[in-house]
Amino acid sequence: MLSRAIKPFALLFLIATLTACGSGGFNLGRVGPSKALQRDTNVPASTQRRLPPSIETGEGETSIWDAFRRKNTEAKLQVNRYLWKASLDVLNFMPVQSVDPFSGVIVFGYGNPPGGGRAYRATVLITDPALDARSLNVALATRGGPVAAGTQRAVEDAILNRARELRINDRKF
């Protein structure tokens, strides 16, 4: 008889314990900002602690069901097409060894420039879709080692000038 009376109280205690662990609403597994972090409308905005936009708007909430959703694994890297084409045009005397258009890397082998006797090799990295000098990185070397900074800068300038010419020619059509 005593165990019959204890079972309902144990069940009630278990339900109360689980309810106390919840956030007070039916979120069905949602994890987000607590009610304590939300803005209080009775306090002036100047004295309130500013929350990140993701917490204020509830963006970035996750649930247990997110583990079962498909994720987009496609790369979304972009390179500037004018810098890409200009690099190939300016360094056309070098053989292309490898190309990765998704990461923006072009690796050239050793080649002699027209009218020059020294062989050069280059690696071009295009890091941004903007036509900007910061988007272009050129590593230039000879068989003896890296080249002078002025030579490398001259090659970068030639690539940037050619890229600007290509962009201007595209706008004419």
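Good morning. In what follows, a helix is a DSSP run of H or I with at least four residues, and helices are numbered from the N terminus. The structure before you is a predicted model.

Let me begin with helix α4, which covers residues 149-172. Within it, Glu165 and Arg162 form a salt bridge, with 3.3 Å between the closest N and O atoms. Why is the separation of these two residues about one helical turn? They lie three residues apart in helix α4, and therefore about one helical turn separates them. Glu165 is partly exposed, at a relative accessible area of 42%. Arg162 is also described as partly exposed, with a value of 27%. The pair belongs to a wider arrangement, for salt bridges link Lys85, Asp89, Arg162 and Glu165 in a network.

Helix α4 takes part in another salt bridge, in which the side chains of Asp170 and Arg81 meet at 2.8 Å, N to O. This pair connects distant parts of the chain: Asp170 belongs to helix α4 and Arg81 to helix α3, residues 81-90, with the two positions 89 residues apart in the numbering sense of being 89 residues apart. Are these two partners buried or exposed? Asp170 counts as partly exposed, because its relative accessibility is 33%. Arg81, at 56%, counts as exposed.

How many salt bridges does the structure hold? The total is five. One of them brings together the side chains of Arg134 and Asp132, at 2.7 Å from N to O. Arg134 has a relative accessibility of 70% and so counts as exposed, while Asp132 is partly exposed at 25%.

I turn now to the strands. Strand β4 comprises residues 136-142 and is mostly covered, since five of its seven residues are buried. On one pairing, strand β3, residues 120-126, runs antiparallel to β4 and is joined to it by seven bridges. Within that pairing, Thr123 is placed opposite Ala139 of β4. Strand β4 also pairs with strand β5, residues 145-146, in the antiparallel sense and over two bridges. Here Ala141 is placed opposite Pro146 of β5. The connection from β4 to β5 is a hairpin, made through two residues.

One residue of β4 merits a separate word, namely Thr142. Why does Thr142 count as buried? Its relative accessibility is 12%, and buried means under 20%, so Thr142 falls in that class. Which residues is Thr142 in contact with, once its neighbours within four places in sequence are left aside? They are Tyr110, Arg118, Ala119, Tyr120 and Val147. Of these, Tyr120 falls within the residue range of strand β3, 120-126.

Finally, I would draw your attention to the surface. Leu11, Leu14 and Ile15 make a nonpolar surface patch of about 290 Å². Leu14 is located in helix α1, which spans residues 2-21. With a relative accessible area of 48%, Leu14 is partly exposed. Why can Leu14 qualify for such a patch? Patch residues have over 30% relative accessible area, so the 48% of Leu14 meets that cut-off.

To close, I return to two points. Strand β4 has antiparallel partners in β3 and in β5. Helix α4 holds Asp170, the partner of Arg81 in helix α3, as well as Glu165 and Arg162. Thank you for your attention.

Technical notes. Residues numbered from 1 in each chain as written. Predicted model: local features only at pLDDT ≥ 70, side-chain atom pairs only at ≥ 80, totals over all residues. Heavy atoms only, no water. Buried < 20%, exposed > 50% of the residue type's maximum accessible area, 1.4 Å probe, protein only. Pairing = 2+ DSSP bridges. Salt bridge = Lys/Arg side-chain N within 4 Å of Asp/Glu carboxyl O. Patch = residues over 30% accessible without salt bridge, like charges linked within 9 Å, V, L, I, M, F, W, Y side chains within 5 Å. Areas by Shrake-Rupley, 256 points an atom, 1.4 Å probe, with all protein chains shown as cover. Contact = heavy atoms within 4.5 Å.
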